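Student: Could you take me through the charged side chains of this structure, with a close look at how they pair up? I would like one connected account rather than a list.

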Amino acid sequence: MSACDKVPLLAPSGTVITLFPVSNTVALGGEVEIVATVIEQGVTSTPPSTGNGTGNGNGTPTTPTTTTTPTTGAGTPVQNGTLVSFTTTIGRIEPSEARTQNGQVRVRFIAGNQSGTATITAFSGGASGRLENLRVGTAAVERVILSANPQALGPSGGSTEIQARVEDVSGLGLSGIPVSFTASAGALSPNPATTDQNGVATTTLTTTQEAEVTASVGGKTSETALKITLRPRTGIRITAPTDTVTAGQPARFTIGVSENANVSNVTVSYGDGDSDSLGALSGETTIAHVYDE
């Protein structure tokens, strides 16, 4: 018994190993569970595709790239405790060896700081299975979406927060991805910026002119440039009372600003030494003033 226990139980001839990733993409420093099914006298299965960066035009990944050792037969799970070993071209597998339970083994692929496509191989005895094109880091990027707060600055310019959301083919945000920003005017800081746990990279644009901002990562560039505009300081108007102005009676004035005006405070001087401050006015408002003479 002691001697037999030292010999690992391996899959018999004709076994099929198929690998299934829980997710098709992995962020830098992230991880994903890999399920390996080990079937004696099994048939080749087709697990979900990890894709190869292309699609069929509607966002669906292309033909699966996972390969297994082909054979035919009814198929039954291998004996519990069958040892399966794993290798990967980038990142690492933990544990690198595991024993089956009901024909399955579950391990974790852990990405490091290297982007690319991982090929994961599982083998036991003469059987092996392979998972190709598991996209890691920047290789997982499908799109970059830009936004700004605010998108319109004052007439003299200023600063605005620029955000780039980096998504994979499923629309999930990718963390730990460096994003490079460019602007037609002004300065960006920090640049590049790294995405947070929600897949969002944030930088600040400081400019005195209108500017167009783009972001790029992993060969992907934001589809449209984000335009940062300047609001004009114009369009203030005052309308006199329509009735005759009489001493001791309210005289009503209409004050307005244009839709695009950038006004922080409107002050009305009535010509008799009195004035009112209306603050950051938008649209129109009517005010009343009483003249003593």
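Tutor: What follows is an account of the salt bridges, then of a charged patch, and finally of one polar contact. The model is a predicted one.

A search of the whole structure finds eight salt bridges. One of them joins Glu-33 and Arg-106, whose closest N and O atoms are 3.2 Å apart. This pair links distant parts of the chain, since the two residues are 73 residues apart. Glu-33 belongs to strand β3, which covers residues 31–40, and Arg-106 belongs to strand β9, which covers residues 104–110. Glu-33 has a relative accessible area of 31%, so Glu-33 is partly exposed. Arg-106 also counts as partly exposed, because its relative accessibility is 48%. To be called partly exposed, a residue must lie between the limits for buried, under 20%, and exposed, over 50%.

A second pair to look at is Arg-92 and Glu-94, where the closest N and O atoms of the salt bridge are 2.7 Å apart. Arg-92 is partly exposed because its relative accessible area is 43%. For Glu-94 the relative accessible area is 29%, and Glu-94 is therefore partly exposed. This pair does not stand alone: Arg-92 and Glu-94 are linked with Glu-31 and Arg-108 in a network of salt bridges.

Another salt bridge is formed where the side chains of Arg-130 and Glu-132 meet, with 3.2 Å from N to O. Arg-130 has a relative accessible area of 35%, so Arg-130 is partly exposed.

Next come charges that are grouped by like sign. Asp-272, Asp-274, Asp-276, Asp-292 and Glu-293 form a negative surface patch. Residues of such a patch have no salt bridge, so the patch is a separate matter from the pairs above. Among its members, Asp-274 is placed in the loop between β24 (267–269) and β25 (275–277). With 38% relative accessibility, Asp-274 is between the two limits and therefore counts as partly exposed.

The last stop is a side chain without a charge. Thr-160 is placed in strand β14, which covers residues 158–167. Its relative accessibility is 2%, so Thr-160 counts as buried. A polar atom of the Thr-160 side chain lies 2.4 Å from the backbone oxygen of Pro-150. Here, then, a buried residue has a polar side-chain atom placed by a backbone oxygen.

How values were computed. Residues numbered from 1 in each chain as written. Predicted model: local features only at pLDDT ≥ 70, side-chain atom pairs only at ≥ 80, totals over all residues. Heavy atoms only, no water. Patch = residues over 30% accessible without salt bridge, like charges linked within 9 Å, V, L, I, M, F, W, Y side chains within 5 Å. Areas by Shrake-Rupley, 256 points an atom, 1.4 Å probe, with all protein chains shown as cover. Salt bridge = Lys/Arg side-chain N within 4 Å of Asp/Glu carboxyl O. Lys, Arg positive; Asp, Glu negative; His and termini not counted. Charge placed at Lys NZ, Arg CZ, Asp CG, Glu CD. Helix = DSSP H or I, 4+ residues; strand = E, 2+ residues; numbered from the N terminus. Buried < 20%, exposed > 50% of the residue type's maximum accessible area, 1.4 Å probe, protein only. Polar contact = N/O pair within 3.5 Å; in protein donor to acceptor, adjacent residues only side chain to side chain.
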